[in-house]
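Welcome! Here are some short exercises, each with a worked solution, to help you find your way around a new protein. Try each task yourself before reading on.

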Amino acid sequence: TVLTADRTLTLSTSGVYSGSKFTVVRSAAATGAFNLTISGKVLAAGTWADFIYDTSLGAWLNVRSGSL
């Protein structure tokens, strides 16, 4: 899907247990000159990020990220 503006992805905290994992990949073929932001982590085309949920903080934490 072409990003036509900066977008924010919100990971739900409802019913999530500590240690839950989520990976987001934005392939190098992604079109649109805009960013995708998840829990404060900005993903440009050709990047990925892993998130783990921490119940003590009530938040998803970016634990790893990189280029494809």
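**Exercise 1: The whole protein**

How many Å² does the accessible surface of the protein come to, and what percentage of the surface belongs to carbon and sulfur atoms?

*Solution.* Keep in mind that you are looking at a predicted model.
- Step 1: The accessible surface comes to about 4,300 Å².
- Step 2: Carbon and sulfur atoms account for 54% of that surface.
- Step 3: For the overall dimensions, the C-alpha atoms fill a box of roughly 35 × 20 × 15 Å along the principal axes.
- Step 4: Of the 68 residues in the protein, 22% are buried.

**Exercise 2: Strands and helices**

Read along the sequence and write down the pattern of secondary structure.

*Solution.*
- Step 1: Count the elements: there are 0 helices and 6 strands.
- Step 2: Written in sequence order, this gives β-β-β-β-β-β.
- Step 3: Now look at contacts between residues at least 6 apart in sequence: 49% of them join residues at least 24 apart.

**Exercise 3: The open sheet**

Find the open sheet of 3 strands and work out which strands stand at its edges.

*Solution.*
- Step 1: The order of the strands in this sheet is β1-β3-β4, and the pairing is mixed.
- Step 2: β1 (7-9) and β4 each have a single partner strand, so one side of each is left without a neighbour in the sheet. These two are the edge strands.
- Step 3: Neighbouring strands here are turned by 30° against each other on average, with direction ignored.
- Step 4: Look at one pair in detail: β1 and β3 run parallel and are joined by 3 bridges. In this pair, R7 stands opposite L36 in β3.

**Exercise 4: A serine with a positive phi**

Where does S39 lie, and is it buried, partly exposed or exposed?

*Solution.*
- Step 1: S39 sits in the loop between β3 (36-38) and β4 (41-43).
- Step 2: Its relative accessible area is 40%, so S39 counts as partly exposed.
- Step 3: Check the backbone: phi of S39 is near 45°, a positive value in a residue other than glycine. As background, most residues other than glycine have a negative phi.

**Exercise 5: Following β5 to its partners**

Which way do β2 and β5 run, and which way do β5 and β6 run?

*Solution.*
- Step 1: Strand β2 (residues 21-26) and β5 run antiparallel, joined by 6 bridges. Here K21 stands opposite I52 in β5.
- Step 2: β5 and β6 also run antiparallel, with 8 bridges between them. In this pair, A49 stands opposite S65 in β6.
- Step 3: Look at the connection: β5 and β6 form a hairpin with 4 residues between them. In the turn, G58 has a positive phi of about 65°.

**Exercise 6: The salt bridge**

How many salt bridges does a search of the whole structure find, and which side chains meet in a salt bridge?

*Solution.*
- Step 1: The search finds 1 salt bridge.
- Step 2: The side chains that meet are those of D50 and R64, at 3.1 Å from N to O.
- Step 3: D50 belongs to strand β5 (residues 47-54) and R64 to strand β6, so the pair ties together parts that are 14 residues apart in sequence.
- Step 4: The relative accessibility of D50 is 12%. Buried means under 20%, so D50 counts as buried.

**Exercise 7: A nonpolar patch**

Which residues make the nonpolar surface patch of about 250 Å²?

*Solution.*
- Step 1: The patch is made by L57, L61 and V63.
- Step 2: L61 is in strand β6 (residues 59-67), and V63 is in strand β6 too.
- Step 3: With 31% relative accessibility, L61 is partly exposed. V63, at 41%, is also partly exposed.
- Step 4: Leaving out residues up to four places away in sequence, V63 touches D50, F51 and I52.
- Step 5: V63 and K21 are 42 residues apart in sequence, and their C-alpha atoms are 9.8 Å apart in space.

**Exercise 8: A loop residue**

Is A29 buried or exposed?

*Solution.*
- Step 1: A29 lies in the loop between β2 and β3.
- Step 2: Its relative accessibility is 64%, so A29 counts as exposed.
- Step 3: A29 and L9 are 20 residues apart in sequence and 19 Å apart in space, C-alpha to C-alpha.

Key. Residues numbered from 1 in each chain as written. Predicted model: local features only at pLDDT ≥ 70, side-chain atom pairs only at ≥ 80, totals over all residues. Heavy atoms only, no water. Buried < 20%, exposed > 50% of the residue type's maximum accessible area, 1.4 Å probe, protein only. Contact = heavy atoms within 4.5 Å. Areas by Shrake-Rupley, 256 points an atom, 1.4 Å probe, with all protein chains shown as cover. Pairing = 2+ DSSP bridges. Axes fitted to C-alpha atoms, helices over the stretch in contact; angles between N-to-C directions. Patch = residues over 30% accessible without salt bridge, like charges linked within 9 Å, V, L, I, M, F, W, Y side chains within 5 Å. Salt bridge = Lys/Arg side-chain N within 4 Å of Asp/Glu carboxyl O.
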